[in-house]
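Student: I'd like a close look at one small part of this model and the empty space around it. Could you walk me through it in one go?

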Amino acid sequence: MKAKVYFTREITPEKVVEMYSALGVELPGRVAVKVHSGEKGNQNFLRPEFWKPMVDKIKGTIVECNTAYQGSRTETQMHYQVASDHGSTDIADLVIMDEDGSATIPVEGGTRMTENLVGAHFPEYDGFLVLSHFKGHAIAGFGGAIKNISIGMASQEGKCLIHTDGQSHTSPWGGAQDPFLECMAEAGKSVRDAVDGNILYINVPNRLSVDCDCDSSPAEPDMHDIGILASTDPVALDQASVDLVYEAEDGASLVERMESRNAEHVLQHGEEVGLGNRSYELVSIDEQ
């Protein structure tokens with residue numbers, strides 16, 4: 001059965017709210033909003049004021065986790081400072097979920113992982129809204145919804161385990177590519193399962209650099225903005241985002257980045273382990 005992916009070419013804060021409403025699902029209880037706070041020096045991340053109407057609508061708490069690589073968001077207090085400097089604390093309360101370490105959640109049906117380490121504050125939330133700036137990534141090939149719920153929700157230790165196929169608790173470096181991508185998919189499934197599917201996803205493919213917002217000096221985007229996509233299925237959402245890059249006349253740089261990292265393997269494995277469905281129906285709200 002095909003998943004529905006809603007799409008608009010208009011990139012505005014109001015359209016984010018409209019896309020959320022198109023999903024027709026209300027998140028229960030205490031809701032966390034997972035964003036990417038942006039590495040210090042990065043200019044491509046989506047600014048908090050862009051997300052503000054959406055965060056206000058669901059009265060959400062912004063959440064992040066510390067990075068495993070050395071940077072301005074490796075240590076909790078520095079991360080809070082960068083998030084503040086970038087404006088996140090101006091629009092809502094913000095919690096670094098792994099400031100107090102890790103919580104363990106099970107991975108069901110995986111071939112590489114049996115458990116995933118998320119931020120210790122993860123269990124405090126009843127549902128999640130995952131707001132992702134879709135773009136390239138130096139290791140994963142692209143970063144979207146799946147990366148935001150796997151690497152993004154993982155504690156610092158959990159990130160190392162995903163990157164290295166469980167080989168290192170302290171370093172994210174040296175892991176083989178396909179096992180890393182498979183661990184991402186399985187970690188993402190554990191997050192979805194832990195909240196009993198009370199999780200929604202919105203991707204915004206704009207300022208499409210080949211590099212992630214975790215890069216302090218990313219390559220400048222060399223393709224046009226695409227729009228906003230939303231779905232209840234993270235695999236379908238990322239697949240649709242990837243397909244729109246392939247369809248773009250000026251997407252060659254990002255296509256090369258994705259293909260050189262075998263990036264779509266995360267979608268293949270995500271479908272295999274039950275995270276979601278690569279088959280989707282693209283529903284344009286611009287035509288309604």
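Tutor: Happy to. Let's start from S88, which touches P48, I62, A83 and L94 when residues up to four places away in sequence are left out. The model is a predicted one, and in it S88 sits in the loop between α3 (76-85) and β4 (94-96). Is S88 buried or exposed? The relative accessible area of S88 is 4%, under the 20% cut-off, so S88 counts as buried.

From S88 we can step into an enclosed space. S88 is one of the residues that line the largest cavity, together with V35, H36, S37, F45, L46, P48, W51, V55, I62 and I91. P48 and I62 are thus worth a second look: both touch S88, and both belong to the lining of the largest cavity. The space in this cavity comes to about 70 Å³. Helix α2 (residues 48-58) gives the largest share of the lining, three residues. By class, the lining of the largest cavity has eight nonpolar and three polar residues, and no charged ones.

F45, from that same list of lining residues, has a charged partner: R47 lies over the face of F45, 4.1 Å from the ring centre.

A whole-structure search with a lower limit of 30 Å³ finds two cavities. The second largest holds about 40 Å³ of space, and its lining consists of V35, H36, L46, W51, L131, H133 and D213. V35, H36, L46 and W51 therefore appear in the linings of both cavities, if we take lining to mean an atom within 4 Å of a grid point. The lining of the second largest cavity divides into four nonpolar residues, two polar and one charged.

Now for the open spaces. The largest pocket has a volume of about 420 Å³. Its lining is made up of 30 residues, and those nearest the centre are Y69, H137, K147, I151 and C214. Two or more lining residues come from each of β7 (127-137), α4 (145-149) and α5 (156-163). Of these, β7 provides the largest share, with five residues. The lining of the largest pocket comprises twelve nonpolar, ten polar and eight charged residues.

The second largest pocket contains about 180 Å³ of space. It is lined by 13 residues, with M113, T114, E115, L161 and G166 the closest to its centre. Here β6 (115-119) and α5 each supply at least two lining residues. The classes for the second largest pocket are five nonpolar, five polar and three charged.

Finally, a word on the rings. The structure holds four aromatic pairs. In one of them, F122 and F128 are stacked, with 5.0 Å from centre to centre and 15 degrees between the planes. The pair of Y125 and F128 is edge-to-face, because the planes stand at 65 degrees, with the ring centres 5.9 Å apart. Ring pairs thereby link F122, Y125 and F128 into a cluster. Its members are buried: F122 has 3% relative accessibility, Y125 has a relative accessible area of 4%, and for F128 the figure is 0%.

Definitions and conventions. Residues numbered from 1 in each chain as written. Predicted model: local features only at pLDDT ≥ 70, side-chain atom pairs only at ≥ 80, totals over all residues. Heavy atoms only, no water. 1 Å grid on protein atoms, 1.4 Å probe; cavity = no way out; pocket = protein on both sides within 12 Å on 5 of 7 lines; lining within 4 Å. Points joined across faces, edges and corners; volume = space filled by probe spheres on them. Helix = DSSP H or I, 4+ residues; strand = E, 2+ residues; numbered from the N terminus. Nonpolar A, V, L, I, M, F, W, Y, C, P; charged D, E, K, R; others polar. Phe/Tyr/Trp six-rings, centres within 6.5 Å; stacked < 30°, edge-to-face > 60°. Buried < 20%, exposed > 50% of the residue type's maximum accessible area, 1.4 Å probe, protein only. Lys NZ or Arg CZ within 6 Å of the ring centre and 35° of its normal. Contact = heavy atoms within 4.5 Å.
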